[in-house]
Amino acid sequence: MPETPMLEVADLRAGYGEAEVLRGVSLTVGAGEIVAVLGANGVGKTTLNMTLSGVLKPWSGAIRFNGAEIGGAKPPAVVAAGLVHVPEGRKIFPNLSVRENLELGGYRVSKSGRDANLQRAFDTFPRLKERAGQYAGTLSGGEQQMLAIGRGLMSEPKLLILDEPSLGLSPLLVEEMFGLIASLARDGLPIMLVEQNVVQSLDLASRAYILENGEVAMQGEAAKLAADPELKRAYLGL
Ligand code: ATP
């Protein structure tokens with residue numbers, strides 16, 4: 001029997017007011033996987049993330065996480081269940097120190113747990129340790145992105161949803177960031193990677209979903225999608 005996926009989204013519909021944005025999205029993320037959710041501006045990636053993290057209420061459909069239905073649960077309950085959404089790096093608190101930003105991510109966790117998690121975040125991102133006392137707003141774009149992920153790790157996630165971790169980074173830093181994401185997954189943390197960067201995301205992920213106009217237009221093994229002529233034409237201008 002196939003293993004039950006960690007995250008299973010089934011026929012999810014959501015939007016704003018009368019405007020439907022997600023028109024029946026279904027996807028899964030399994031234990032140990034990196035799954036990319038790709039698409040151009042405005043296809044509904046942010047709306048999907050906000051619905052999965054409990055900020056937006058689903059109109060219909062199911063969100064099952066670790067065997068439980070979490071569709072409609074509020075953000076603190078979703079985080080407590082272990083589904084943690086990391087917003088893109090500019091959404092850190094610029095006027096708090098790096099350490100304070102990290103500690104906020106672990107507010108649910110006991111003091112001793114928080115200290116251990118902080119140590120783990122510093123081990124994962126040594127640059128954050130070097131800059132622990134610095135205002136987060138003084139960090140470079142790549143470091144702010146690391147801080148956003150580090151803050152997510154502080155809440156002891158069972159699955160991370162990463163929102164455009166390559167946004168605004170130089171090609172070299174994107175490579176470094178994707179290397180770090182790969183190592184988190186190797187250590188057993190499944191990752192849903194929501195990105196516009198199609199080429200590098202397909203390189204990193206094992207499977208991918210391509211969103212168009214609030215629907216899954218293509219899906220499959222990342223390597224197969226990367227070689228797909230239709231995808232190349234639509235997304236890579238080839
Ligand atoms: P981007 O990468 O630019 O954020 P996206 O793929 O994340 O794009 P969404 O932000 O989810 O796309 O937007 C999908 C659609 O929903 C767009 O047509 C957008 O105009 C609309 N939309 C987004 N936020 C709102 C809102 N608060 N109220 C009404 N419509 C919205």
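**Close-up views of a predicted protein–ligand model**

**View 1. The ligand and its surroundings.** A backbone N or O atom of G42 lies 2.6 Å from an oxygen atom of the ligand; a polar contact here is a pair of N or O atoms within 3.5 Å, and within protein one atom must be able to donate a hydrogen and the other to accept it, while residues adjacent in sequence count only if both atoms are side-chain atoms. This is a predicted model in which local features need pLDDT of at least 70 and side-chain atom pairs count only at pLDDT 80 or more, while totals for chains, interfaces and linings use all residues. Residues are numbered from 1 along each chain as its sequence is written, and side-chain values use heavy atoms, with hydrogens and water left out. A polar side-chain atom of N41 is 2.8 Å from an oxygen atom of the ligand, and a polar backbone atom of V43 is 3.1 Å from an oxygen atom of the ligand. On its own the ligand has 630 Å² of accessible area, of which the protein covers 54% (Shrake-Rupley method, 1.4 Å probe; for residues, only the protein chains shown count as cover). The surrounding residues are Y16, V21, A40, N41, G42, V43, G44, K45, T46, T47, E164 and Q196, where near means a heavy atom within 4 Å. Helix α1 (residues 45-52) gives the most to this shell, with 3 residues; helices (H or I, at least four residues) and strands (E, at least two) are DSSP runs numbered from the N terminus.

**View 2. The loop residue N197.** N197 is found between β8 (191-195) and α8 (198-204). N197 counts as buried because its relative accessibility is 18% (buried is under 20% relative accessible area, exposed over 50%, partly exposed in between; 1.4 Å probe, protein chains only). Its side chain makes a polar contact of 2.9 Å with the side chain of Q200. Leaving aside neighbours within four places in sequence, N197 is in contact with L38, S166 and V174 (contact means heavy atoms within 4.5 Å).

**View 3. Two nonpolar cores.** The largest nonpolar core has 46 residues, and I149, L160 and I181 have the most contacts inside it; such a core is a set of buried Ala, Val, Leu, Ile, Met, Phe, Trp, Tyr and Cys residues joined through side-chain atoms within 4.5 Å. Helix α7 (residues 171-186) supplies the largest share of this core, 8 residues. A second, separate core of 25 residues includes L7, L22, I70 and L83. Residues that L160 touches include V84, V86, I149 and M192, not counting residues up to four places away in sequence.

**View 4. R151 in helix α6.** R151 belongs to helix α6 (residues 141-153). With a relative accessible area of 12%, R151 is buried. Beyond residues up to four places away in sequence, R151 touches P87, K91, I92, F93, N101, L102 and G105.

**View 5. Two residues with positive phi.** D11 is not a glycine, yet has a positive phi of about 50°. D11 lies in strand β1 and is partly exposed, with a relative accessible area of 40%. E156, also not a glycine, has a positive phi of about 55°. E156 is in the loop between α6 and β7 (159-163), and at 40% relative accessibility counts as partly exposed.

**View 6. Confidence along the chain.** The chain averages a pLDDT of 92, and 98% of the residues score at least 70 (pLDDT is the predictor's confidence in each residue, from 0 to 100). Among the elements of the chain, strand β1 (residues 7-16) has the highest mean pLDDT (98) and helix α10 (residues 229-236) the lowest (82).
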